[in-house]
Amino acid sequence: MLHRLLRQILPTIVFIAVSALAMGANSQIQLKTTAMAGTSVVTTPQVRAELVAQAPEGVAPGRPLQLGLLLTHTKDWHTYWKNPGDSGLPTQLEWQLPAGLDAGEIAWPVPKKISIGHLANYGYEGTALLPVPVTVSPAFNPGPLAQEVTIRLKASWLVCRQECIPEDGEFTLQLPIQGTTALHAAAFDAAARAHPQNLPAHADSGARVDGGAVLLRVAGLPAALQGQKLEVFPETSGVVETAATPTQQWDGATWTARVPLARDRSEGPEPMPLVLAHAGQGWRMELPVAGGWPAVAPLAAMSPALEAALKANAANAQPLPLAHTPAPLATWLLALAGAVLGGLILNLMPCVFPVLAIKVVGFARHAQDARAHRVSGLAYTAGVLLSFLALGALMLALRAAGEAVGWGFQLQSPAVVAALAALFTLIALNLAGMFEFRAMLPSSLAGLQARHPVLDAFLTGVLAVAVASPCTAPFMGASLGLTAQLPAAQALSIFAALGLGLALPYLLASWLPAFARALPRPGAWMETLRRFLAFPMFATVVWLVWVLGQQSGIHGAAALLALLVLLAMAVWALTLRGLSRAVLAPLSIAACAWFTWAWGPKIIELTPHASETATAAPVGASAWQAWRPGLADELLAQGRPVFVDYTAAWCVTCQYNKSTTLAKTEVLGDFAAKQVALLRADWTRRDPAITAALAALGRSGVPVYVLHAPGREPVVFSEILNADALRAAVHGL
């Protein structure tokens with residue numbers, strides 16, 4: 001058993017680690033884009049960002065110099081002003097300049113009010129330049145032979161449509177010291193015209209709080225504005241209702257307005273900085289507030305899901321990772337208890353059955369040797385715990401690097417799925433009796449299992465974790481979701497608790513004499529059971545091929561099946577003797593190697609997602625629709641309840657629920673009667689948007705089932721979906 005497991009486990013570990021890291025590099029481009037050093041342009045699907053300069057008289061002390069970030073937004077996407085409004089984050093610039101060059105603050109152009117439902121943001125669409133004035137002091141001394149000066153910038157911005165994506169870039173620009181740099185003169189001129197002019201203080205200007213609104217009075221505006229409607233942009237967030245339309249009028253040459261205060265006002269600036277705008281031009285002023293501001297109202301409580309989403313957004317938007325706050329002792333202990341219970345229930349998941357059956361056979365082998373029985377249980381537990389910790393550490397490291405990963409992330413890589421299919425094919429062939437490693441290995445290795453039974457049990461624990469990772473049991477979801485918000489030590493303790501729960505039944509059984517006495521004595525029945533266990537292994541291979549078909553299409557699945565046939569033929573050829581082995585073994589191994597080289601790329605090539613190739617169902621249709629960011633909010637805004645199934649082809653629990661509870665006629669009838677929109681978020685392949693949605697719900701893996709209703713908190717159901725609980729929640733809509 002040892003040499004079988006050793007040969008089978010090591011390739012899996014290597015494939016999981018290498019494929020997960022490679023997969024992470026690709027997904028990072030989708031979630032967060034960072035420019036390579038030496039470039040002045042960063043391009044993402046949402047924004048083209050360019051570091052630009054304006055130096056009409058060269059770079060020298062006392063001569064004008066401006067730098068800027070030129071943002072060109074894809075249609076319907078926007079970034080944010082210094083006050084982003086009801087949501088969002090302003091663009092941040094961090095300069096690295098030579099000695100003698102000092103960058104000022106962003107000279108923010110007048111923004112645009114962007115309405116989103118009952119909320120509003122202040123930001124920029126289309127093309128916008130964020131200019132920064134630079135002072136060249138006498139300390140600037142590039143040297144007599146220098147021809148250029150190097151400008152470096154690290155910028156971060158949040159770009160949003162209905163979903164939001166934090167992006168950043170590192171820019172480098174070689175700016176000529178002599179001559180004229182004015183390639184983007186038109187953009188700098190437009191930004192200068194759009195920059196608000198400072199309006200001098202006027203005795204008749206001011207602000208005053210009147211009930212639930214702030215009254216604004218501004219004198220000294222240009223005469224050409226009289227009678228015009230002005231846009232109001234407070235520079236301080238959390239003061240007024242951003243989406244509200246001010247009531248305004250002209251009193252001669254004085255403009256007055258009444259702007260509703262924010263219901264959850266969090267600021268009271270004194271004076272109140274304000275920008276008034278008309279036709280793309282702006283005027284900035286600071287209004288004294290007569291009588292001051294009322295006391296700030298306490299912040300309303302928010303749902304745990306919203307709080308988790310805000311924390312995740314804030315963490316993603318920071319240029320450097322933030323330190324996680326340790327959870328309170330009670331919360332941490334509750335998460336540990338949920339993890340242990342979830343690990344226990346994980347033993348009942350079908351994906352774990354084949355390996356656990358092998359473990360039971362191992363128990364029977366040591367049934368009459370109490371010491372060997374206990375040592376085997378401890379070694380198996382150690383293998384499970386260390387594997388859970390290694391997988392958890394890899395997941396946390398990828399998250400810290402900016403990756404959007406969750407539980408079972410490794411099976412989102414076709415390479416890992418194919419490697420596991422090959423691994424379980426070899427296990428099944430071995431269990432079926434086609435080959436024995438001891439017959440193919442040198443005698444020094446053939447007896448390895450007998451000499452090291454502890455390592456044999458340890459590797460069985462590693463294998464159990466490898467096949468358990470696609471499953472999520474009840475109580476696991478909340479505990480795993482919490483790991484994204486905890487320091488590394490507390491997060492890893494939750495992974496260790498999951499491993500303890502998975503190993504606990506076998507650890508206890510190995511130390512309970514009554515369990516050993518209940519097992520039959522070793523005999524011929526063990527060989528029969530061993531051959532029977534080949535069929536669950538083959539069934540696992542069928543499932544893995546189906547999973548790969550969801551990722552790489554029918555041609556990828558067919559190529560994998562052909563490769564598995566060639567692998568089986570190569571193993572069979574190695575069992576032959578004499579001339580047959582000498583001829584057939586090299587040929588079959590060469591055929592297997594050639595097919596892997598020629599068709600391997602087809603196996604791991606991702607085909608277009610169904611949502612990219614198929615036409616979405618009409619919003620009013622009762623059939624399942626493909627989930628996309630913002631669709632649930634659109635449907636809720638129309639007054640329709642929404643049920644979202646976060647699923648994956650490699651998640652056995654997901655497929656069980658899909659074929660049972662979610663396929664019941666009465667459940668579908670209840671959905672139809674209440675006009676519930678059914679959305680399916682397929683996480684089979686890497687999708688940062690789905691990962692972010694799961695994190696907002698406090699979850700880190702699938703399945704997750706959520707029922708949304710207008711004006712209500714979302715209802716998150718258990719991983720093992722109960723039809724009665726689901727129907728009761730739907731009836732309550």
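This passage describes a helix, a nonpolar surface patch and a loop proline in a predicted model. Residues are numbered from 1 along each chain as its sequence is written. Local features require pLDDT of at least 70 and side-chain atom pairs pLDDT 80 or more, totals for chains, interfaces and linings use all residues, and side-chain values rest on heavy atoms, with hydrogens and water left out.

Helices (H or I, at least four residues) and strands (E, at least two) are DSSP runs numbered from the N terminus. Helix H7 comprises the 18 residues 414–431, and its end C-alpha atoms lie 26 Å apart, in agreement with the 26 Å expected at 1.5 Å a residue (1.5 Å times one less than the number of residues). Of these 18 residues, 17 are buried, so H7 is largely enclosed by the rest of the structure; buried denotes under 20% relative accessible area, exposed over 50%, and partly exposed in between (1.4 Å probe, protein chains only). Just after H7, glycine 433 adopts a positive phi of about 95°.

A nonpolar surface patch is formed by Met434, Met569, Trp572, Leu579, Val583, Leu584 and Leu587, which together have about 660 Å² of accessible area. Helices H16 (534–574) and H17 (578–604) each supply at least two patch residues, and H17 gives the most, with four. Valine 583 lies in H17 and is partly exposed, with a relative accessible area of 42%.

Proline 703, in the loop between helix H22 (688–696) and strand E24 (704–708), is buried at 2% relative accessible area. The C-alpha atoms of proline 703 and aspartate 645 are separated by 7.4 Å, although the two residues are 58 residues apart along the chain.

Notes
Patches are made of residues with over 30% relative accessible area and no salt bridge: like charges are joined within 9 Å, nonpolar side chains (Val, Leu, Ile, Met, Phe, Trp, Tyr) within 5 Å. Accessible areas come from the Shrake-Rupley method with a 1.4 Å probe; for residues, only the protein chains shown count as cover. A salt bridge is a side-chain nitrogen of Lys or Arg within 4 Å of a carboxyl oxygen of Asp or Glu.
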